[in-house]
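Please take the following structure and read it alongside the paragraphs below, which move from helix packing to strand pairing and then to the surroundings of a DNA strand.

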There are 2 protein chains.
Amino acid sequence: MTNSFTEENYLKIIYHLSKELDGGEVSTNSLAEMAKTKAASVSDMLKKLSEKKLVNYQKYQGVTLTKLGQTIALKVIRRHRLWEVFLLEKLNFTWDEVHNVAEELEHISSEKLVEKLDEFLGFPRFDPHGDPIPDQSGKFPSTIYHNLTELKIGQAGILMGVSEHNPSFLKFLAKIGLTLGCSIVLNEINEFDHSISIKINNEIDHFLSYEVSKNLLIKLN
Amino acid sequence: MTNSFTEENYLKIIYHLSKELDGGEVSTNSLAEMAKTKAASVSDMLKKLSEKKLVNYQKYQGVTLTKLGQTIALKVIRRHRLWEVFLLEKLNFTWDEVHNVAEELEHISSEKLVEKLDEFLGFPRFDPHGDPIPDQSGKFPSTIYHNLTELKIGQAGILMGVSEHNPSFLKFLAKIGLTLGCSIVLNEINEFDHSISIKINNEIDHFLSYEVSKNLLIKLN
DNA sequence: ATAAAAATTTAGACAAATCTAAAAATTTAT
DNA sequence: ATAAATTTTTAGATTTGTCTAAATTTTTAT
């Protein structure tokens with residue numbers, strides 16, 4: 001039993017929205033907004049996904065993924081994130097260009113393709129946005145990282161990702177030379193506005209506002 | 001104006017079939033067979049493609065591509081062949097595994113993706129089957145190669161492709177170590193059955209039947 | 001040249017995914 | 001607690017690509 005492009009997208013969106021709600025029921029309207037469609041279309045689709053045992057759906061009561069639905073959603077997410085790594089690291093896409101293309105590539109389902117790609121990329125555990133990549137069986141790597149505002153002066157770490165995915169933010173990072181995997185040392189903290197100074201790759205010093213630094217995810221050395 | 005996955009497939013198939021006929025009209029039945037659908041469905045689709053000015057279509061008289069249709073077909077073929085190179089060279093797919101996955105990847109239309117991929121692969125001019133890869137504007141590279149039966153004893157060349165794409169044939173080649181780009185020197189020819197002996201990569205000697213050697217495309221050194 | 005065979009097209013249906021408009025259920029605010 | 005507002009679902013259409021069965025056109029064989 002295969003799933004259409006569209007079904008996969010619904011499952012993926014339900015996964016993400018439900019996660020934001022700590023596993024709670026996702027509303028029809030929020031789904032419609034994310035899927036760029038109308039609530040009526042969502043209702044129809046939920047009925048169908050429910051028949052296929054991919055979601056738990058009670059009329060008017062929102063929706064969650066079944067075990068099976070979650071497995072499929074995680075496969076799509078795995079593919080999406082692996083392709084993002086590929087586009088960024090191998091094809092030199094910029095952070096802000098990556099997402100839309102990955103939205104298409106994620107629906108190519110060949111198991112062989114996905115596993116070979118994973119190998120080719122060196123089994124990455126995080127995508128360019130710092131989001132964890134689930135493994136074949138849907139398990140996430142253990143994530144223990146901090147945002148930059150949590151570091152103390154002198155502490156050092158590696159930039160593992162970002163928690164804000166706004167294109168202009170990503171462009172800004174690229175411009176100042178903050179790339180995934182670069183090393184960061186915290187030079188100083190300005191108490192009055194919580195802005196900070198960092199050293200990137202042991203080379204360049206930079207000031208960052210609190211707004212920026214709180215969206216940078218760091219793995220401590 | 002974008003074209004659906006399905007439309008792209010029809011255009012691609014019409015291109016290939018028409019080429020076999022030296023540019024002649026393609027019949028509804030042959031299209032149906034290649035597209036694994038029914039003649040009635042083909043008729044419907046041809047009407048639609050004709051309205052979109054992608055094909056020249058006269059009822060009962062077969063179909064050819066318009067200039068516009070050909071441009072689109074060549075884009076799909078370009079993408080297909082570039083992905084085949086990627087799968088073979090980067091992900092270590094075997095020759096016989098490549099095609100089906102490329103059939104899916106070929107419909108992802110991001111121009112940026114295609115051009116970055118081309119660059120990443122080093123601007124290959126031929127795919128793993130030896131078929132030429134059209135450039136961005138739809139032009140084919142000049143092809144001047146020979147099949148292995150045309151060489152004289154002592155002549156050497158590079159394996160550029162194959163003219164037979166049967167999976168068992170491709171598997172056989174992989175098994176004896178004949179890969180795209182390997183060097184071949186013609187050792188001797190057996191007059192009675194035209195079988196030959198070659199040296200692969202200046203290392204290993206191998207016998208090949210006439211059947212096999214006539215399907216190997218060689219670029220002379 | 002014409003009848004039989006083959007190829008192609010039309011007619012009418014169907015499934016997937018969507019939409020608008022109207023109805024029904026739920027939530028919110030007084 | 002109940003009326004108003006909001007959310008969700010149903011009803012009925014639409015589009016895309018497909019199908020079967022019947023009708024039509026073209027080709028082939030005598």
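In this predicted model, a useful place to begin is chain B, where the axes of helix 1 (residues 5-20) and helix 4 (residues 67-90) come within 8 Å and cross at roughly 95°. Because angles from 65 to 115 degrees count as roughly perpendicular, helix 1 of chain B and helix 4 of chain B are therefore roughly perpendicular to each other. On the side of helix 1 of chain B, the contact is made by E8(B), L11(B), K12(B), I14(B) and Y15(B), and these face G69(B), Q70(B), I72(B), A73(B), V76(B) and I77(B) of helix 4 of chain B. Taken by character, the residues of this contact between helix 1 and helix 4 of chain B divide into seven nonpolar, two polar and two charged.

Chain A offers another helix pair to examine, since the axes of its helix 4 (residues 67-90) and helix 6 (residues 111-120) come within 10 Å and cross at roughly 40°. That angle makes helix 4 of chain A oblique to helix 6 of chain A, and the crossing of the two is left-handed. Here helix 4 of chain A contributes R78(A), R79(A), L82(A) and F86(A), while helix 6 of chain A contributes V114(A), L117(A) and D118(A). The residues of this contact of helix 4 with helix 6 of chain A divide into four nonpolar, no polar and three charged.

Further along chain A, strand 8 (residues 216-220) runs antiparallel to strand 3 (residues 146-147), to which two bridges join it, and strand 8 of chain A also runs antiparallel to strand 4 (residues 156-162), with five bridges between them. Within strand 8 of chain A, L217(A) is the bridge partner of N147(A), whereas L216(A) is the bridge partner of V162(A).

The last region to consider is the surface near DNA strand D, which draws on both protein chains: helix 2 (28-34) and helix 3 (39-51) of chain A, together with helix 1 and helix 3 (39-51) of chain B, each supply at least two of its residues. Helix 3 of chain B gives the most to this surface near DNA strand D, with five residues. Among the 20 residues around DNA strand D, those that come nearest are S27(A), N29(A) and A40(A) from chain A, and S4(B) and A40(B) from chain B. By character, the residues of the surface near DNA strand D divide into six nonpolar, nine polar and five charged.

Methods. Residues numbered from 1 in each chain as written. Chains lettered and ligands numbered in written order. Predicted model: local features only at pLDDT ≥ 70, side-chain atom pairs only at ≥ 80, totals over all residues. Axes fitted to C-alpha atoms, helices over the stretch in contact; angles between N-to-C directions. Helix = DSSP H or I, 4+ residues; strand = E, 2+ residues; numbered from the N terminus. Parallel < 35°, antiparallel > 145°, perpendicular 65-115°, else oblique. Left-handed = near helix turned anticlockwise from the far one by under 90°. Contact = placed C-beta atoms within 7 Å. Nonpolar A, V, L, I, M, F, W, Y, C, P; charged D, E, K, R; others polar. Pairing = 2+ DSSP bridges. Near = placed C-beta within 6 Å.
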